[in-house]
Amino acid sequence: MTAPVLELRDFSYSYPGQSKQVLTDVNLRIGPGEWHCVLGATGSGKSTLLKAVRGLLPNQTEARGEVRLPRASSLKETPVGLVLQNPETQLLCDTIGEECAFGLENLCMEPAKMTGHITRGLTALHLEKPLHTPTSALSMGQKYRVLLAALLTMNPVLLVLDEPGAQLDPYGIKRLTTVLENVITDLGMSVLMCEHDPGPFADHVTHWWCMEEGRLTSLPSAPEFSRTAKPIQPTAKDSGNSLISGMATPCPPQRETRAGQRPPVLSDLRNCAPSGHSSFTPSEVISLRNASMGHPDSDPVIRNAALTLAPGTLVCLTGPNGTGKSTFLRTLTGFLPPLAGSVTLFGKPPRTRDFRGRVAMVLQNPQRQLFENRVFDELAFNLKRAGADPETIPDRVKETLTQCGIAHLAEASPFKLSYGQQHLTGLASALALRPEILLLDDPFAGLDHAYCERILSLITTLARERNTLVLWTTHRTDVQPHTADVRLRIEEDHLVSC
Amino acid sequence: MCISLTILAVGARTLPLLLALTGLELLTALAAGVRLGSLRRELIYFTTQTTVITGLYCFQIGIPEGLWPGLRTSWQIALAFFPGLLLPRLVPQSEMTGILGKILPYRTAFVLAMSLRFLPMLGQEAREIYEAQVLRGARILPKDLLNPKNWPDLVHCLAVPLIIQGLKAADQVALAARAREFGRFEKRTYWGKG
């Protein structure tokens, strides 16, 4: 039997000051050239496992069991290379050369020898760029590969990747899959990764694991959804929840909104003259006419966009990282003026002050918006600021919490919730105001399938029952695209219908 | 250069000196490749800061006595911090860590260099949180802040989440650095110094 590169035997761990074990009796063995994938719900202990493998857990005295880490062949190497979820907070230097040199500097390598190592690392990752290329000029996929290249220069035997698909678009994932395959084949390394959406990697993974409440179990074969990349659909998972239970089946791709209103229309109006505000009808809540969008001091990222959207429409906007999805949302909310053409909401140019309460936006990680001591207060804040009758606020908060399936968390501190629960709290606080337009910036990033289903159910029912126009951006490949009535894509500076 | 400009800002207390220093810093910004048109956001920060500080001075010592001290203090603060924003553009990352590493322990030098590097990222984070909170109803638009009643919203809705995100980002950066063996040895080498 080949000697393993990593072995965990009956490994258990709890964070300092906490009695609950995050990892319980974990057994894991990784051989050379193997690709292991750990599946599991958000908060099940996957990231803790990866930190344990890298030896980065705080206070190892809280650990029991055995971890046999791979040994480096010399002091100038590191045996395990870890890439965390967000490349932005891991890029520590200005240029790709400096980034790749960082680890070698820490290993006290002689400066004269570094350039050769750096060039080899970048070549292995298909990143033949000048070493002075700024890291800020790279796409998200390229940033991820620079981080991998920086690790390869340190000659690891095991690469550990935390949710590589969370931040990458389909093209970035495809390139990453190719380079990881090459790394395994050509350099004989092993890979251990955690991933919510393992579909794109499924054909290359050799071992599958499932993490549930800190316990790791081996799966005899690849889960069906991994290979077929079964899309996520809205479900009626949470009984007793009116909004969620109202959505027993996915909605058809196109359907009429409420009686008397015309169905959503995506029209090519590029040759039409912009109309005045007097042409606004209640069936057009968002209207773009020859609109170009971008930052005032740079070139437009979207040109000549033409679009009319009606209430109750579900709109999905896709596009690779950095193509302008967030800029599109900022323009709709009035924080960025259009560079040319016209953008109107409710028949008026967007002015943030005018649309507070009518337009809600949820950030990619809505937990960034949380600041109150109780979940209840998070929702009540919005209603207070909107001037709601103080006597009605408790009922409206409870109603929204129930709709979102988190009524039991009303008294909990938002900061002590799991990632998914915080996500729902952020969404609930936006919904408390009953907005007419709900904008969501990549709402599925980093969430497991169960939470994606809940959010998709919520927003779908919101559109159908309350006639809210819901527009979300995403790069997830597994979130049911047919749920949306209108599917848009940003391609080469243009907004196109898919 | 940047440190000298910051020190000069602390001592510049007369109108001619403040004007001269402003000119010098703008020239430095131009030399660093900054387009003056892109300083709109900094101008908004300065205007808001000046409004708040001058307001506080006037509240304490009256109008018009408080106007000039308030404006001067805000101007000095802006001139002291502006070179810090230019530093990452003027000095490459590895060089900055290397230079700081000569006078400070390398761990401290790294923390300082990272603070400067992630300043723009924190600014971006602040913008995103600000915009989302405004749409939630927070009274933190520039016009809202003219009313002192709305100032607590700035702390609760923007400062608190931003501090939490800053701490989380610091934790991530530290983890990323340790994952690449930062701190494994007592000393480290610097690429390009061979």
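**A walk through a predicted two-chain complex**

Let me begin at a small turn in chain A, where strands β17 and β18 form a hairpin with two residues between them, and where Glu492(A), which sits in that turn, has a positive phi of about 50 degrees. Please keep in mind throughout that what we are looking at is a predicted model.

Staying with this hairpin, β17(A), which covers residues 486–491, and β18(A), which covers residues 494–497, pair in the antiparallel sense over four bridges. If you want to find one of these positions on the screen, look for Leu488(A), whose bridge partner in β18(A) is Ser497(A). How does β17(A) pair with β12(A), in the parallel or the antiparallel sense? Here the pairing is parallel, again over four bridges, with β12(A) running through residues 314–318, and in this pair Cys316(A) stands opposite Arg487(A) of β17(A). As a reminder for those new to this, strands of a sheet pair through backbone hydrogen bonds, either parallel or antiparallel.

Which residues of β17(A) make up its covered face, and which its uncovered one? The covered face consists of Val486(A), Leu488(A) and Ile490(A), while Arg487(A), Arg489(A) and Glu491(A) make up the uncovered face. We have therefore met one residue from each face already, since Leu488(A) is on the covered face and Arg487(A) on the uncovered one.

Let me now step back to chain A as a whole, which has 13 helices and 18 strands. Of its 498 residues, 50% are buried, and if we take the contacts with a separation of 6 or more, 74% of them are between residues 24 or more positions apart.

Chain A is divided into two domains, with domain 1 spanning residues 6–228 and domain 2 made of two stretches, 242–358 and 435–497. Where these domains meet, 15 residues of domain 1 and 14 residues of domain 2 take part in the contact. On the domain 1 side, helix α5(A), residues 170–187, gives the largest share, which is three residues, and by class that side has six nonpolar, six polar and three charged residues.

Next I would like to look at an open sheet in chain A, in which six strands follow the order β5-β6-β7-β3-β8-β9 with mixed pairing. Why is one side of β5(A) and of β9(A) left without a neighbour in the sheet? These two strands, at residues 80–83 and 215–219, stand at the edges and each has a single partner strand, so one side of each has no neighbour there. From one strand to the next, the twist averages 20 degrees. At the β5 edge, β5(A) and β6(A), residues 158–162, run parallel and are joined by four bridges, with Gly81(A) standing opposite Leu159(A). Across β3, β5, β6, β7 and β8 of chain A lies helix α1(A), residues 46–54, which runs at about 155 degrees to β6(A).

Let us turn to chain B, which has eight helices and zero strands. Its C-alpha atoms fill a box of roughly 60 × 45 × 30 Å along the principal axes, and buried residues make up 23% of its 194 residues. This chain is also divided into two domains, domain 1 at 1–90 and domain 2 at 91–194, and their C-alpha centres lie 21 Å apart. Seven residues of domain 1 are in contact with six residues of domain 2. On the domain 1 side, α4(B) gives the most, with five residues, and that side has five nonpolar, two polar and no charged residues.

How do the two chains meet? The contact takes 46 residues from chain A and 46 residues from chain B. Several elements of chain A give two or more residues to this contact, including α3, β14 and α12, but α2(A) gives the most, with six residues. By class, the chain A side divides into 23 nonpolar, twelve polar and eleven charged residues.

Finally, a word on confidence. For the complex, the predictor gives an ipTM of 0.75 and a pTM of 0.73. Chain B has a mean pLDDT of 83, with 96% of its residues at 70 or more, and among its elements helix α5(B), residues 93–103, has the lowest mean, 70, whereas helix α8(B), residues 151–179, has the highest, 90. Where pLDDT is low, the predicted coordinates should not be read in detail.

Definitions and conventions. Residues are numbered from 1 along each chain as its sequence is written. Chains are lettered from A and ligands numbered from 1 in the order in which they are written. This is a predicted model: local features need pLDDT of at least 70, side-chain atom pairs count only at pLDDT 80 or more; totals for chains, interfaces and linings use all residues. A residue is buried if 20 or more other C-beta atoms lie within 10 Å of its own, exposed if 12 or fewer, and partly exposed in between; C-beta atoms are placed from the backbone. Two strands pair if DSSP finds at least two bridges between them. Domain bounds come from an automatic or database domain assignment. Two residues are in contact if their C-beta atoms, placed from the backbone, lie within 7 Å. Ala, Val, Leu, Ile, Met, Phe, Trp, Tyr, Cys and Pro count as nonpolar, Asp, Glu, Lys and Arg as charged, and the others, Gly among them, as polar. Axes are lines fitted to C-alpha atoms, for helices over the stretch in contact, and angles run from 0 to 180 degrees between N-to-C directions. pLDDT is the predictor's confidence in each residue, from 0 to 100.
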